[in-house]
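Work through the exercises below with the structure open beside you. Try each task before you read its solution.

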Amino acid sequence: MAEYQNIRTGRHCAFALHAHLVFVTKYRHKVFAERHLTRLEEIMRDVCADFEVELVEFNGENNHVHLLVNFPPKVALSKLVNSLKGVSSRRLRQEYPELVKHYWRAQRLWSGSYFAGSVGGAPLSIVRQYIEQQNRPA
């Protein structure tokens with residue numbers, strides 16, 4: 001029963017949707033120090049709150065960050081990612097002018113691509129087996 005503790009509810013649904021997101025800096029530049037990652041986490045928590053998304057876990061290195069998010073079905077991950085990357089890039093540029101040297105060519109902090117993977121739940125083989133074993137009416 002422990003796996004059901006993280007189920008969230010909406011008006012007409014119950015859900016437990018988690019995604020692992022990875023954002024990489026443009027040209028894999030080594031941009032971030034500890035203070036940047038700390039501020040980046042605060043910014044991304046604020047953006048997630050605006051989308052009614054829970055930022056479960058955040059961490060990163062000098063050229064990429066990992067996020068684990070719990071999101072409602074009404075949120076399109078692509079829109080969330082666009083907002084997370086756009087807002088964080090703009091705010092970091094404003095608050096840390098020394099980062100401008102990493103924007104020198106493209107005027108962007110983040111690479112245009114990202115990784116998004118679904119997380120949690122049963123393995124696909126178990127779900128497939130469960131669906132196959134349903135009592136379908138004749």
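**Exercise 1. A residue at the surface**

Task: Find the helix that holds Ile131. Then decide whether Ile131 is buried or exposed, and name the residues that share its nonpolar patch.

Solution.
Step 1. The model is a predicted one. Ile131 sits in helix α3, which covers residues 124-132.
Step 2. The relative accessible area of Ile131 is 56%. Exposed means over 50%, so Ile131 is exposed.
Step 3. Val127 and Tyr130 join Ile131 in a nonpolar surface patch. The patch measures about 310 Å².

**Exercise 2. A residue in the interior**

Task: Place Leu21 in its strand. Is Leu21 buried or exposed? Which residues are in contact with Leu21, leaving aside neighbours within four places in sequence?

Solution.
Step 1. Strand β3 contains Leu21. This strand runs over residues 18-25.
Step 2. The relative accessibility of Leu21 is 0%. Buried means under 20%, so Leu21 counts as buried.
Step 3. Set aside the neighbours within four places in sequence. Leu21 is then in contact with Val65, His66, Leu67, Val69, Val81, Leu84, Phe115 and Ala116.
Step 4. Now look at Tyr114, 93 residues from Leu21 along the chain. The C-alpha atoms of Leu21 and Tyr114 are 7.2 Å apart.

**Exercise 3. Two backbone angles**

Task: Look at phi for Tyr27 and for Arg28. Say where each residue lies and how accessible each one is.

Solution.
Step 1. Tyr27 is not a glycine, yet its phi is positive, at about 60°. Arg28 is not a glycine either, and its phi is positive at about 55°.
Step 2. Tyr27 belongs to the loop between β3 and α1 (34-50). Arg28 lies in the loop between β3 and α1 as well.
Step 3. Tyr27 has 42% relative accessibility, so it counts as partly exposed. Arg28 has 46%, so it counts as partly exposed too.

**Exercise 4. Helix α2**

Task: Compare the span of α2 with the expected span. Then list its buried residues and the elements they pack against.

Solution.
Step 1. α2 has 19 residues. From its first C-alpha to its last, α2 reaches 27 Å.
Step 2. At 1.5 Å a residue, 27 Å is expected, and the span of α2 is close to that.
Step 3. The buried residues of α2 are Leu80, Val81, Leu84, Lys85, Val87, Ser88, Ser89 and Leu92.
Step 4. These buried residues pack against β3, α1, β5 (64-70) and β6. Val81 and Leu84 are also among the contacts of Leu21, a residue of strand β3.

**Exercise 5. A salt-bridge network**

Task: How many salt bridges does a search of the whole structure find? Which residues are linked with Arg39 in a network of salt bridges?

Solution.
Step 1. The search finds 5 salt bridges. Side chains of opposite charge can pair when their charged atoms come close.
Step 2. Start from Arg39 in helix α1. Its side chain meets that of Glu42 in a salt bridge, at 3.1 Å from N to O.
Step 3. Glu42 and Arg39 both lie in helix α1, 3 residues apart, or about one turn of the helix. Residues three or four places apart point the same way, because an α-helix has 3.6 residues a turn.
Step 4. Arg39 also forms a salt bridge with Glu95, at 2.7 Å from N to O. This pair links distant parts of the chain, with Glu95 in helix α2 and Arg39 in helix α1, 56 residues apart.
Step 5. Put the two pairs together. Arg39, Glu42 and Glu95 are linked in a network of salt bridges.
Step 6. Check accessibility. Glu42 is partly exposed at 40%, and Glu95 is partly exposed at 36%.
Step 7. Look at what else surrounds Arg39. Not counting residues up to four places away in sequence, Arg39 touches Arg91, Leu92, Glu95 and Tyr96.

**Exercise 6. A pair far apart in sequence**

Task: Find the salt-bridge partner of Arg35. Why does the pair tie together parts that are apart in sequence?

Solution.
Step 1. The partner is Glu98, and the closest N and O atoms are 2.9 Å apart.
Step 2. Arg35 lies in helix α1, while Glu98 lies in the loop between α2 (77-95) and β6 (110-119). The pair therefore ties together parts 63 residues apart in sequence.
Step 3. Arg35 is partly exposed, with a relative accessible area of 45%. Glu98 counts as partly exposed at 36%.

Terms used: Residues numbered from 1 in each chain as written. Predicted model: local features only at pLDDT ≥ 70, side-chain atom pairs only at ≥ 80, totals over all residues. Heavy atoms only, no water. Helix = DSSP H or I, 4+ residues; strand = E, 2+ residues; numbered from the N terminus. Buried < 20%, exposed > 50% of the residue type's maximum accessible area, 1.4 Å probe, protein only. Patch = residues over 30% accessible without salt bridge, like charges linked within 9 Å, V, L, I, M, F, W, Y side chains within 5 Å. Areas by Shrake-Rupley, 256 points an atom, 1.4 Å probe, with all protein chains shown as cover. Salt bridge = Lys/Arg side-chain N within 4 Å of Asp/Glu carboxyl O. Expected span 1.5 Å × (residues − 1). Contact = heavy atoms within 4.5 Å.
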